[in-house]
Amino acid sequence: MGRDTIANIITSIRNAEMDKKGTLRIISTNITETLVKILLQEGFIENVRKHQESNKYFLVSTLRRRNTVKGGYRNRTILKRISRPGVRIYSKHQQIPKILGGIGIVILSTSRGIMTDRKARLERIGGEILCHIW
């Protein structure tokens, strides 16, 4: 794993969905706990529990499966990393993008912590755009 924890989470979720795995294990840090908590609140993850192996903590989360019209299950969530360690992207609260007309979410890092675009618009604060999810 590299030093970009947000990209590691996004890649882990994307890989688990492509392999059609139901569970995902992520190393627990403050940033990962906050991001997984947001994904849980927005309905992209079903549940999360904290697991300890030796002296390390992990977050074990279950990915949400969606019903399709044909009767099968689809658990394809599209995650896109926007701001990277080499190129930081900032936005004012008026210019925070709406993903698919408000269906998707934007996760921001603000002066008041990591939050979704809706909460940032309500509190009228901008910040660094971390990722898009839909």
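Reader: Which residue of strand 9 stands opposite isoleucine 107?
Author: This is a predicted model, in which local features need pLDDT of at least 70, side-chain atom pairs count only at pLDDT 80 or more, and totals for chains, interfaces and linings use all residues. Residues are numbered from 1 along each chain as its sequence is written, and side-chain values use heavy atoms, leaving out hydrogens and water. Strand 8 and strand 9 (residues 113-116) pair antiparallel over 4 bridges, where strands (E, at least two residues) are DSSP runs numbered from the N terminus and pairing requires at least two DSSP bridges. Opposite isoleucine 107 in strand 9 stands threonine 116.

Reader: In strand 10, which residue is the bridge partner of isoleucine 105?
Author: Strand 8 also runs antiparallel to strand 10 (residues 127-133), joined by 5 bridges. Within strand 10, the bridge partner of isoleucine 105 is isoleucine 133.

Reader: Why is strand 8 described as largely enclosed?
Author: A residue is buried under 20% relative accessible area, exposed over 50% and partly exposed in between (1.4 Å probe, protein chains only). Strand 8 (residues 105-110) is largely enclosed by the rest of the structure because the buried share of its 6 residues is 5.

Reader: Which element supplies the largest share of the lining of the largest pocket?
Author: A pocket is an open set of points on a 1 Å grid over the protein atoms alone, where a 1.4 Å probe fits, with protein on both sides within 12 Å along at least five of seven lines; lining residues have an atom within 4 Å of a point. The lining includes Thr34, Gln41 and Thr116. Helix 2 (30-42) and strand 9 each supply at least two lining residues, helices (H or I) having at least four residues. The largest share, 5 residues, comes from helix 2.
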